Amino acid sequence: MKKIYWGNKMSEEIMKLENWSIIKKGATHIANNYLNPDSIIGSKIKGQVYGNDKFDKGESIFTGKVKDFKNGTVFTDYGKYKLGKVNGTYASRYPEAKKML
């Protein structure tokens, strides 16, 4: 059974984020808001989401604030996201981001 975030409940689905980058908390656009991968906890991730009917396939989203990160999976208050391909511009600035997969 698919569980989607409503109210205070987190989705139990693991969604996939493609073309992702870590951005400053509160940022609503990308220009000059990239953060080093070491700053993932407490930050947001922008990416294209897959694997949840609540979103269009490949829809661009900002995650909630990252609470934890383990084995290529990001945990937020709203859901769990497996990291896929890194955004090319972000990867050129932070090549070590690929090691997070």
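## A tour from the aromatic cluster to the C-terminal segment

Begin with the aromatic rings: the structure holds 2 aromatic pairs. Keep in mind that this is a predicted model.

**Stop 1: W20 and Y90.** Select both side chains. Their ring centres are 6.0 Å apart and the planes meet at 50°, so this pair is tilted. Now colour by element. W20 belongs to strand β1 (residues 14–23), while Y90 belongs to helix α1 (residues 88–93), so the pair ties together parts that are 70 residues apart in sequence. Are these two rings on residues that are buried or exposed? W20 is buried, at a relative accessible area of 0%. Y90 is buried too, with a relative accessible area of 0%.

**Stop 2: Y94.** Keep Y90 selected and add Y94. The rings of Y90 and Y94 have centres 5.2 Å apart and planes at 50°, so this pair is also classed as tilted. Y94 has 16% relative accessibility; the cut-off for buried is under 20%, so Y94 counts as buried. Show the three side chains together: W20, Y90 and Y94 form one aromatic cluster.

**Stop 3: the whole chain.** Zoom out and switch to cartoon. The protein chain has 1 helix and 6 strands. Trace it from the N terminus, and the elements come in the order β-β-β-β-β-β-α. The chain has 101 residues, and buried residues make up 42% of them. Consider the contacts with a separation of 6 or more: 54% of them are between residues 24 or more positions apart. Now turn on the surface. About 6000 Å² is exposed, and carbon and sulfur atoms supply 49% of that.

**Stop 4: the sheet.** Hide the surface and select the strands. In what order do the 6 strands of the open sheet lie? Reading across, the order is β3-β2-β1-β6-β5-β4, and the pairing is mixed. Find β3 (59–62) and β4 (66–70) at the edges. Each has a single partner strand, so one side of each is left without a neighbour in the sheet. Look along the sheet for its twist, which averages 35° from one strand to the next.

**Stop 5: F62 and K46.** Select F62, then add K46. K46 lies over the face of F62, at 5.8 Å from the ring centre.

**Stop 6: the β4 edge.** Move across to β4 and select strand β5 (residues 73–76) as well. The two strands run antiparallel, joined by 4 bridges. Pick out K70: it stands opposite T73 in β5. Keep T73 selected for the next move.

**Stop 7: L101.** From T73, go to L101. The two residues are 28 apart in sequence, and their C-alpha atoms are 8.0 Å apart in space. L101 is found in the segment after α1. How much of L101 is accessible? L101 is partly exposed, with a relative accessible area of 49%. Which residues does L101 touch, leaving aside its neighbours within four places in sequence? Its contacts are W20, G72, L83, G84 and V86.

**Last view.** Select W20 again. W20 is in contact with L101, and W20 also belongs to the aromatic cluster with Y90 and Y94. Show L101 beside that cluster, and the tour is back where it began.

Key
Residues are numbered from 1 along each chain as its sequence is written. This is a predicted model: local features need pLDDT of at least 70, side-chain atom pairs count only at pLDDT 80 or more; totals for chains, interfaces and linings use all residues. Side-chain values use heavy atoms; hydrogens and water are left out. Buried means under 20% relative accessible area, exposed over 50%, partly exposed in between (1.4 Å probe, protein chains only). Contact means heavy atoms within 4.5 Å. Accessible areas come from the Shrake-Rupley method with a 1.4 Å probe; for residues, only the protein chains shown count as cover. Rings of Phe, Tyr and Trp (its six-membered ring) pair if their centres lie within 6.5 Å; planes under 30 degrees apart count as stacked, over 60 as edge-to-face and the rest as tilted. A charge sits over a ring if NZ of Lys or CZ of Arg is within 6 Å of the ring centre and within 35 degrees of the ring normal. Two strands pair if DSSP finds at least two bridges between them. Axes are lines fitted to C-alpha atoms, for helices over the stretch in contact, and angles run from 0 to 180 degrees between N-to-C directions.
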